[in-house]
Amino acid sequence: MRIGVIGAGIGGLTSAALLARRGFEVVVWEQAAQVGGCASTFRRGGFTFEVGATQAAGLEPGGIHYEVFTELGVPVPPSCWCDPACAVYLPGEAEPVRVWRDPERWRAERQRQFPGSEPFWQFLDRLFQVGWHFQQRQPVIPPRSWWDWTQLLQSLHLDTLLISPLSLVTVGQVLHVFGLGGHHRLKTFLDMQLKLYSQCTADETALLYGVTALGIAHAPQGLHHLQGSMQGLSQGLLQGLQRWGGRVRRRQRVTEIVVKRNRVQGVWVENARGERRYEAVDHLVANVTAVDLVRLLGEATPRGYRRRIEQLPPASGCFVLYLGVKQAAIPANCPLHLQFMYDAQGEIAENNSLFVSVSQPGDGRAPAGMATIIASSFTDMWLWQQGDYAALKRQYTEQALARLGTFFDLSPANIVHCEAATPRTFARYTARWQGMVGGIGQRVTTFGALGLATRTPIEHLWLVGDSVHPGEGTAGVSYAAKQAVAQIMAEVGREKQENSHD
Ligand SMILES: Cc1cc2nc3c(=O)[nH]c(=O)nc-3n(C[C@H](O)[C@H](O)[C@H](O)COP(=O)(O)OP(=O)(O)OC[C@H]3O[C@@H](n4cnc5c(N)ncnc54)[C@H](O)[C@@H]3O)c2cc1C
């Protein structure tokens, strides 16, 4: 049986490697020259820059990446803890909120920073525990078939049932319940952190997603800084895929998914020379955004599915500045990750915050005596489709340099390399429509049972990646990939049984 995978992002590679491990003939078509998508890297004059993702959850025993690498029989990429996971600078403040990995240290920090909020945090901690154990039981969410429902029901325990009504509640609503609706500093902190993980603020973020995003940074879980770069994740998955006989064909873009009688038949693939060929498949895993899936399906998209995707809230784009600097630019004891907001009112708006990742000596990202600084901000992707693109890029670059210059010593002598990526850059290198990044946002209407499913309405077509539940991040897309693989196994088994009865 032949399974095709569109895209070698973390979602596509995880699905492909696990399917190869289970004995299927697997081929992955990747339009770029290298694997990893938003979690890949590029090199410039001795510096290695992470395109997008810079920290990874799930590499510790019990974590999703750890489990996948172990199953594939390849080494888990070496990493150290991000501790603090982030130093969050609230507007106008010189002392950051440090998100420590050690739960006791984090408790002391949050009590000092946000007096009176402890019951709120303890409530979040309890929900995190329930949600974490639920996810470990590998529920199928959202369920779309009888088999999906049986998997979901088997993973429900009393505690999950008790918290299930909370799937309709936002983080902001719970803040109000705890009498913290007027706690401006806390609200700003939550908005800044949640925007990174859920694409939306506390008032919009689904509570049960928010507790995972906020809880994952603390022991026994935590966020990892990979030795070398984030490319270690995709290289490890590639190694696992190849070990089990799977193949990746680079610079091969899938331009159309062919469907007959509501079942996938194959794909049209275009190589770098523009030559097109047809490839037949038995199952197809699409590691693309939901919008791109509809574009690849064209007229074959079921009407209801197309409407659902057209009605999704608008996605975000990002602007990223990549700096290669002399080590002298970095303050002593600088954390690996920092977050800044440049709005006196503490309101998230276009390009008014920066998430910054800094390399550390010996981590494989910069030559001796040098360092990398990667700073990203959210931007409206439509802004970059109109007007004077070059001028806008220059303006955003200068503004980011000026802002970063208030923390780092960015005198011209310290800057060795400087370049920026915009939504247009992401569209070009990751083939994501208009350069949209980070999935569809984890609002109540797009999370959990109301989220997009890995099982599409077209038979033998599976959607993985950050558009589907449980959302974005390399760990999130790997959970979805594992779910799709389990569904394919069940489907293949069911059809085999049906055929043997014929
Ligand atoms: C600036 C930024 C910072 C981030 N920081 C973090 C972080 O610190 N930690 C974290 O966990 N996550 C982070 N994320 C999110 C994370 O990178 C993504 O959620 C995750 O990598 C998405 O993986 P994916 O497999 O869904 O998709 P992608 O990474 O988009 O991979 C899809 C792949 O498919 C290929 N492709 C697309 N269309 C076609 C086609 N038609 N034919 C062939 N190939 C195709 C693309 O080239 C790409 O390689 C960040 C994202 C951004 C943009």
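Reader: Into which domains is the protein divided?
Author: The protein is divided into domain 1 (2-34 + 56-78 + 227-313 + 439-501), domain 2 (102-218) and domain 3 (317-433). Please bear in mind that this is a predicted model.

Reader: What separates the centres of domain 1 and domain 2?
Author: Taken over C-alpha atoms, the centres of domain 1 and domain 2 are 27 Å apart.

Reader: And how many residues of each are in contact?
Author: On the domain 1 side there are 24 residues, and these are in contact with 27 residues of domain 2. Between them, the two domains bury about 2,100 Å². Carbon and sulfur atoms account for 57% of that buried area.

Reader: Turning to the ligand, how many residues surround it, and which are the closest?
Author: The ligand is surrounded by 35 residues, of which Glu30, Gln31, Cys38, Gln55 and Arg432 are the closest.

Reader: Which backbone N or O atoms lie by the ligand's nitrogen and oxygen atoms?
Author: Glutamine 55 has a backbone N or O atom 2.6 Å from a nitrogen atom of the ligand. For cysteine 38, a backbone N or O atom is 2.7 Å from a ligand oxygen atom. In addition, a polar backbone atom of tryptophan 29 is 3.5 Å from a nitrogen atom of the ligand.

Reader: How much of the ligand does the protein bury?
Author: The protein buries 92% of the 1,000 Å² that the ligand exposes when taken alone.

Reader: Which elements give two or more residues to that shell?
Author: Those elements are α1 (10-21), β11 (252-260), α14 (423-430) and α15 (474-501). In terms of domains, domain 1 and domain 3 each supply at least three residues to the shell.

Reader: What is the shell like by class?
Author: It has 15 nonpolar, 15 polar and 5 charged residues.

Reader: A change of topic: where are the cis peptide bonds at proline 142 and proline 470?
Author: One joins isoleucine 141 and proline 142, with omega at about -15°. Proline 142 is placed in the loop between α4 (118-136) and α5 (146-155). The other runs from histidine 469 to proline 470, with omega near 10°. Proline 470 is found in the loop between β20 (461-463) and α15.

Reader: What is the phi of glutamine 138, and where does this residue lie?
Author: Glutamine 138 has a positive phi of about 55°, although it is not a glycine. This residue lies in the loop between α4 and α5, where proline 142 is also placed.

Reader: Why remark on such features?
Author: Most residues other than glycine have a negative phi, and most peptide bonds are trans.

Conventions:
Residues numbered from 1 in each chain as written. Predicted model: local features only at pLDDT ≥ 70, side-chain atom pairs only at ≥ 80, totals over all residues. Heavy atoms only, no water. Near = heavy atom within 4 Å. Polar contact = N/O pair within 3.5 Å; in protein donor to acceptor, adjacent residues only side chain to side chain. Areas by Shrake-Rupley, 256 points an atom, 1.4 Å probe, with all protein chains shown as cover. Helix = DSSP H or I, 4+ residues; strand = E, 2+ residues; numbered from the N terminus. Nonpolar A, V, L, I, M, F, W, Y, C, P; charged D, E, K, R; others polar. Domains from an automatic or database assignment. Contact = heavy atoms within 4.5 Å. Buried area = accessible area lost by both parts, 1.4 Å probe.
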